[in-house]
Amino acid sequence: MDFASTKYDVADAFAANELYQDNGWTDGLPIVPPTDALVRTFLEAARMAPGAVVAAEPVRRRRITAEKVAIAAVMAGCRPDYMPVVLAVIRALCDTGYGLHGVSASTGGSAPFIVVNGPIRNAIGMNATHNALANASRANATIGRTTRLIILNVLHGVPGGLDRSTLGHPGKFTYCVAEDEDGSPWTPLSVERGVPAGASAVTVLAAMAPHQVLNEWTTDPREILDTYVGAIRANMLTYSIWAGNYVMIIGRQNRDVFTAARWSKQDIREYVHERAWVQRGDWASVGKSAVVGKDPDRVHTALRTPDDLLVVSAGGPAGGFGAIIPPWLGAKSLAITTRIEEKP
Amino acid sequence: MTIRVLDPRVDPDLEPLALAPAVVLDGATIGLLDNAKIGTAHFYNHLEALLRKHGVREFIRRRKPDTSRPVPPEMLAELAVADAIVSGIGD
């Protein structure tokens with residue numbers, strides 16, 4: 001297997017890490033040295049030739065080859081069997097609807113939020129329960145990190161270079177969850193978005209940091225949702241008022257309330273679509289009088305339609321917690337769902 | 001005993017870019033492509049006044065419908081008749 005990448009001979013793994021750190025080829029965390037033997041193993045697992053083009057970023061037309069994806073996956077600490085998930089994420093990010101160039105360059109500082117559905121979640125040991133949005137599983141951690149390393153090295157999304165983020169957020173290191181399909185009676189996110197049941201898929205969204213909410217003092221599903229809606233409204237006023245894809249992560253204890261009341265994800269979407277809105281004049285209450293304009297009564301909804309809301313089951317068994325994950329900037333970047341190609 | 005590791009970056013773009021020939025401003029038509037950021041139109045108003053003093057006769061001003069996405073082809077075609085185009089990037 002012949003590689004196009006420039007090769008460097010270094011003394012050992014420590015020296016390799018120093019080389020990548022010194023050149024700004026990593027996110028600041030240590031890397032696994034991408035030796036040609038390891039990269040070959042990852043490409044063989046994916047059954048791809050090094051020069052195969054996985055996807056092309058539509059604006060700068062940078063072609064992302066399987067070789068570069070495998071290098072990033074090795075560096076990030078992936079196992080070879082994560083490759084089908086990583087490849088699906090890269091294809092989804094390069095969909096024109098996602099707008100990878102704009103979201104990566106924006107001062108807004110979003111990160112690709114990744115939701116994995118289907119049998120591959122359990123096959124590669126992804127976490128969907130305790131600490132669902134944070135550290136708990138090698139697969140969650142390293143699949144998300146691989147996307148950052150590709151944006152950094154292949155698309156030159158270097159902070160201060162093409163990445164003009166003012167603040168960014170910690171999800172830019174890694175931001176990847178699995179849906180807790182086993183702990184929920186609901187239809188998986190991927191199936192709602194058109195992927196056949198039983199197939200594995202990823203959904204990506206250019207997203208801001210999660211806003212955690214808590215309500216464990218009611219058994220009324222409407223009251224639970226009013227808490228989430230409060231977080232959405234706060235985001236609309238303090239960050240961005242524009243309608244787009246919001247993610248709602250619902251923990252187990254809150255889910256039990258909906259299950260007992262026989263509420264489906266669709267019921268939740270319709271309720272939130274109806275309730276999550278602000279008026280332009282409300283901006284004055286948070287110091288933004290300057291942009292209220294001539295029509296303070298104009299209503300802005302958080303969602304263009306109920307389908308804009310992505311409802312995801314995830315989280316540990318106890319605690320009435322959930323989270324809202326807001327979009328980067330309204331509907332300028334859309335959630336993209338891509339089926340994972342698993343080769344037998 | 002050493003280990004051999006691979007460069008994670010893409011190789012530089014293969015097509016070399018050359019500078020366009022210098023434009024004579026006197027009598028020229030200049031395209032001003034607004035990237036739809038908040039300060040761009042204001043900046044271009046000043047630029048237009050400045051370039052007029054240098055003899056530029058005509059301006060084609062267009063505003064991208066979306067900051068983060070490429071220029072629509074039809075808008076690019078309208079700008080293509082200009083002798084030179086100024087394109088806004090960033091904030």
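This note goes through a predicted model of two chains, A and B, point by point.

1. **Conventions.** Residues are numbered from 1 along each chain as its sequence is written, while chains are lettered from A and ligands numbered from 1 in the order in which they are written. The model is predicted: local features need pLDDT of at least 70, side-chain atom pairs count only at pLDDT 80 or more, and totals for chains, interfaces and linings use all residues.

2. **Overall build of chain A.** Chain A has 11 helices and 13 strands. Both are DSSP runs numbered from the N terminus (helices H or I, at least four residues; strands E, at least two). The C-alpha atoms fill a box of roughly 65 × 45 × 30 Å along the principal axes. The radius of gyration of chain A is 21 Å, which agrees with the value near 20 Å for a compact globule of 344 residues. That radius is taken over C-alpha atoms, and the globule rule is 2.2 Å times the number of residues to the power 0.38.

3. **Burial and contacts.** Of the 344 residues in chain A, 51% are buried. A residue is buried if 20 or more other C-beta atoms lie within 10 Å of its own, exposed if 12 or fewer, and partly exposed in between, with C-beta atoms placed from the backbone. Among contacts in chain A with a separation of 6 or more, 80% join residues 24 or more positions apart. Contact here means that the C-beta atoms, placed from the backbone, lie within 7 Å.

4. **Helix H3(A).** Helix H3 of chain A spans residues 66-76. This helix is mostly covered: 11 of its 11 residues are buried. Glu67(A) and Lys68(A) are among them. The cover includes H2, strand E2 (53-56), strand E3 (63-65), helix H4 (83-93) and H7 of chain A, together with E1 of chain B. Gly77(A) follows H3(A) with a positive phi near 100 degrees.

5. **H2(A) against H3(A).** The axes of H2(A) (residues 36-46) and H3(A) come within 9 Å and cross at roughly 115 degrees. The crossing is right-handed. On the H2(A) side, the contact uses Leu38(A), Val39(A), Phe42(A), Leu43(A) and Ala46(A). H3(A) brings residues including Ala70(A), Ile71(A) and Val74(A). By class, the contact has 10 nonpolar, no polar and one charged residues. Axes are lines fitted to C-alpha atoms, for helices over the stretch in contact, and angles run from 0 to 180 degrees between N-to-C directions. A crossing is right-handed if the near helix is turned clockwise from the far one by less than a right angle, and left-handed if anticlockwise.

6. **The A/B contact.** Chain B gives 15 residues to the contact and chain A gives 32. The chain B side divides into six nonpolar, three polar and six charged residues. Ala, Val, Leu, Ile, Met, Phe, Trp, Tyr, Cys and Pro count as nonpolar, Asp, Glu, Lys and Arg as charged, and the others, Gly among them, as polar. Strand E1 of chain A (residues 7-10) and strand E1 of chain B (residues 3-6) pair antiparallel over four bridges. Lys7(A) has Leu6(B) as its bridge partner. Pairing requires at least two DSSP bridges between the strands.

7. **The four-stranded sheet.** An open, mixed sheet in chain A has the order E7-E12-E8-E11. Its edge strands are E7 (211-214) and E11, each pairing on one side only. Neighbouring strands are turned by 20 degrees against each other on average, direction ignored. E8(A) and E12(A) run antiparallel, joined by four bridges. Ile249(A) pairs with Ala323(A) in E12(A).

8. **Helix H10(A) and its end.** In H10(A) (residues 252-260), Arg252(A), Asn254(A), Arg255(A), Val257(A) and Phe258(A) are buried. They pack against helix H9 (221-238), strand E8 (246-250), helix H11 (265-275), strand E11 (309-313) and strand E12 (321-325) of chain A. Arg262(A) lies in the loop between H10 and H11. Its phi is positive, near 60 degrees, in a residue other than glycine. Arg262(A) is exposed, with 9 other C-beta atoms within 10 Å.

9. **Two further loop residues.** Most residues other than glycine have a negative phi. His156(A) has a positive phi near 60 degrees. This residue sits in the loop between helix H7 (138-153) and strand E5 (176-178) of chain A. His156(A) is partly exposed because 16 other C-beta atoms lie within 10 Å. Asp282(A) is in the loop between strand E9 (277-279) and strand E10 (299-301) of chain A. Asp282(A) is also partly exposed, with 17 such atoms within 10 Å. Asp282(A) and Met236(A) are 46 residues apart in sequence and 9.9 Å apart, C-alpha to C-alpha.
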